[in-house]
2 protein chains.
Amino acid sequence: MKIIILIFGFSVVFCEEIHYGFVTKYIDMPLDHFSFTTNTTFKLRYLVNDTYFAEDKPIFFYTGNEGDISMFAQNTGFMFELAAKMGALLVFAEHRFYGETLPFGNNSYTSPKYLGYLSAQQALADYVYLINDLQKQYVNKSNSLEKLPVIAFGGSYGGMLAAWLRIRYPYSVIGAIASSAPVWQFHGIIPCENFNKIVTDVVRSLGSEICADTIRKSWNILRNITATDKGKIDVSTTFQLCKNIQTNDDIETLLNWLSEIYVDIVMVNYPYPTSFLVPLPGHPVREFCEGLDSVKYKDGVGLVEAIAKGLQIYTNYTGTTKCNDILQTAGPNLGENGWNFQSCTDMIMPMCSTDTDMFENSAWDFQQFSDDCYKQFSVRPRNEEVPILEFGGTEIETASNIVFSNGLLDPWSSGGVIKNISSQVLSILIPDGAHHVDLRAANPLDTESFKTARQFHEKQINKWLDKFYFKSLPLEAYVSTVNKI
Amino acid sequence: MKIIILIFGFSVVFCEEIHYGFVTKYIDMPLDHFSFTTNTTFKLRYLVNDTYFAEDKPIFFYTGNEGDISMFAQNTGFMFELAAKMGALLVFAEHRFYGETLPFGNNSYTSPKYLGYLSAQQALADYVYLINDLQKQYVNKSNSLEKLPVIAFGGSYGGMLAAWLRIRYPYSVIGAIASSAPVWQFHGIIPCENFNKIVTDVVRSLGSEICADTIRKSWNILRNITATDKGKIDVSTTFQLCKNIQTNDDIETLLNWLSEIYVDIVMVNYPYPTSFLVPLPGHPVREFCEGLDSVKYKDGVGLVEAIAKGLQIYTNYTGTTKCNDILQTAGPNLGENGWNFQSCTDMIMPMCSTDTDMFENSAWDFQQFSDDCYKQFSVRPRNEEVPILEFGGTEIETASNIVFSNGLLDPWSSGGVIKNISSQVLSILIPDGAHHVDLRAANPLDTESFKTARQFHEKQINKWLDKFYFKSLPLEAYVSTVNKI
């Protein structure tokens, strides 16, 4: 793990994290796997590291999610550590319409006639297609195996894709590690307020009661202050915005920006510094609330200053941020616009806030949501049930060889599979874990539950592989394989 | 079974077959289930018969194949007989781009920009969408079940769809009866000559050796005779063609027409008269060969006359055919053109002939096939592996609750699942059965093996239902249900 070959660059080097090396490859991919109205293809990017790869050993395949694949590759050190142990080939596939994989180049996001080909279904078919190609590239003709065993890994939306890849295309991957995958965050399965409740509970318990209460109070105060022109300028100054807010829409954007940052801080509440979404210290929820609580405010203006103080941990941990752009929360590597489109089409996830959380109350209004989608993307969600019709919702008892892992500090656990479905579809909980912490590289500050989750993954993967080799190999080869593993 | 309500008409009443009644319904269906470039919808037709339907009982759902759904409904009497026993609702769904379900009306077949939406994947998603809607229509709010159990049924391509519906969308149907479903008739799975070998074996054993030999000899003779203008006219007259053959292309069309008829006669070699593809007597292979063998020919011209005599059993069993159109083999209800398109896109089935069969030798040439597809439809097959990438080929060991049935007299058994895959994916063979004979209504001429297959289906369906009810119902309701079934 010490020899790092940095083949492609990764721009921000921060916190002295390990940087993993890859060869960048491309595959010609059909634009549409399900209809035949077009024969257009595009270049799908994927990253390969064969440092550890040994004959007949598995492929570890990361099902890329909504962002530049190199960001996910750099934040999924667990796969490298396990590959080193198990002799696996590492492949990270970029999701269509994210990162550099833009089927129509700069036009990709300009119209539904292009962007409409962004969907989870198409992405899954891309991965099946790529895995089939990898089999041809990496199965050594002299080997005893006709196919290499492939394990899917993914976190968050990538975890959903990993699970669905196994569920829908079990001949493509022999198993899946689906970390923090909210496959049940859909219509009618869980109450829409659960997500924000968890965010609030984490801020209350790991930050402070005062911190959560301040945020709860802030929405009305911010609306009142920004009702005047002077107030708009004052708030913009306090939050060091790059551009002063001016319109009612700007106010909504500001409040959304704040909400999203609170969510993000909770999501990535790791016990050590990271630079996943943005550079952050360890325990960012605690740090955020300590900053916020350090301002002893007496009025609304003071309250806004307290929040601005807390926020700095997120917006300016490096000390180099000149001003804040409220149109962006998570750094440029995450494809927020693409995800917003998917939220309007195939990944419709109802969200709401009630008196029980620290956010401004808001109901889930499907019609309003649909209107907003149309305004932004000229598409409307076909049907609130689409994700369930496509992927089955909670009815996954016929699936096999999947581990769903969820950190209970992660708001996305609200839509996660947090109980065993069968002896073959298992759930492991990480009580003190944030968003897909188990996929991250080992760290001296890892808790016991992080380590247990990773051991659990390893054990399950070995079970799946044992079964695969048993079925694939002639007896003598099987025996020698068993002796090696 | 005696009360028949004929709600929609069925044109040809022949052989005094039973005609089943339905209500015709339509559902607005998204044109594209997998991308978001269009929000077009179309009316998908389906037929419903609720004569036997009782509270909490299953839906029997026929996954329509390449033709007018009413034809399949009229030839799937087994579902009616079982529905009467089990209190099931009967639904027959029409496949997009066939029968009356033409998403773009008369333009549907004019360009790949329309016809490109014809695919097995889209059709499966249609069925999931429709089943979801049926659940809302037919689950009685006062009932104890939230969802009704749905069993998929299908024959031939419809059988493939039934199996894939269960494999891909196990939350939509609890099990599938896939009759004569050649899910393995794809690239690299089985030798391309198997299909024609079976056709030949059946003609040899149930017709006669002479009959098969005559056909084997006929190809060269027909080519020789039609090399002259006079020969073209003579052959056209002998076969009573509506339009004399003139060009080389016409000769190819004639030879294809003959080949397809031989295949069709074998496919529907039922022991009693039917009017599935065209009106036919019982044991049509025997009848065909008896006709052919009755002409004691001495030369090529006589051989052609012998074949023409045999053919009449297929082309003019009713005695009302004025002339033969070599562009059509199977009656107007089967969507031959749509199926040809699917053969060029998602259902690429390699076929060839060798010295071991009675057909003219022909190799499987993918490039030539692709060129022909482009000429006919302006599309090329993306990749010969497409059906395997999409549906998994032989790797279906993770599936459950499927019965694959195959008649061994059916050439499509060449691509069928003719062995058990697991304790939950079962195969049943009908040694003396033709194409999906087990889905037909009971007939006094049924053999023991037909009856055994239908009993097997019933037993498996009851197993699936028992499990479903056990998991769905509160204990007291379960007990009462078990007592009833």
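Reader: How does chain B lie on chain A in terms of RMSD, turn and shift along the axis?
Author: In this predicted model, a turn of 180 degrees with a shift of 0.0 Å along the axis lays chain B on chain A with an RMSD of 0.0 Å. The two copies are therefore related as by a two-fold rotation axis.

Reader: Which residue of chain B comes closest to the rotation axis?
Author: That is B:Arg168, whose C-alpha is at 2.9 Å from the axis.

Reader: And why do the copies meet through the same surface?
Author: They do so because 100% of the interface residues of chain B are also interface residues in chain A.

Reader: How many residues does each chain give, and what area do they bury?
Author: Chain B contributes 42 residues to the contact and chain A contributes 42 residues. Between them the chains bury about 3,500 Å², with 52% of it on carbon and sulfur atoms. On the side of chain B, the residues that lose the most area to chain A are B:Phe36, B:Tyr171 and B:Arg382, which together account for 24% of what that side buries.

Reader: How many salt bridges are there between chain B and chain A?
Author: The count is six salt bridges. One of them is formed by B:Lys471 with A:Glu397, where the closest N and O atoms are 3.8 Å apart. Across this interface there are also 29 residue pairs in polar contact, both residues being at pLDDT 80 or more.

Reader: Which element gives the largest share of the chain B side?
Author: H4(B) does, with six residues. The residues of that side divide into 16 nonpolar, 13 polar and 13 charged.

Reader: Turning to the domains, where are they in chain A?
Author: Domain 1 of chain A covers 20-184 + 394-484, and domain 2 covers 200-377. Their C-alpha centres lie 31 Å apart.

Reader: What is the contact between them like in residues and buried area?
Author: In chain A, 34 residues of domain 1 are in contact with 24 residues of domain 2. The area buried between these two domains is about 2,500 Å², and carbon and sulfur atoms give 70% of it.

Reader: How many salt bridges and polar contacts are there between the two domains?
Author: There are zero salt bridges between domain 1 and domain 2 of chain A. Eight residue pairs are in polar contact across their interface, both residues at pLDDT 80 or more.

Reader: Which helices give two or more residues to the domain 1 side?
Author: They are H1 (69-74), H3 (112-115), H4 (120-138) and H5 (157-168) of chain A. The largest share, three residues, comes from H5(A). By type, the residues on the side of domain 1 of chain A that touches domain 2 divide into 20 nonpolar, nine polar and five charged.

Key. Residues numbered from 1 in each chain as written. Chains lettered and ligands numbered in written order. Predicted model: local features only at pLDDT ≥ 70, side-chain atom pairs only at ≥ 80, totals over all residues. Heavy atoms only, no water. Domains from an automatic or database assignment. Contact = heavy atoms within 4.5 Å. Buried area = accessible area lost by both parts, 1.4 Å probe. Salt bridge = Lys/Arg side-chain N within 4 Å of Asp/Glu carboxyl O. Polar contact = N/O pair within 3.5 Å; in protein donor to acceptor, adjacent residues only side chain to side chain. Helix = DSSP H or I, 4+ residues; strand = E, 2+ residues; numbered from the N terminus. Nonpolar A, V, L, I, M, F, W, Y, C, P; charged D, E, K, R; others polar. Least-squares fit on C-alpha atoms with pLDDT ≥ 70 in both.
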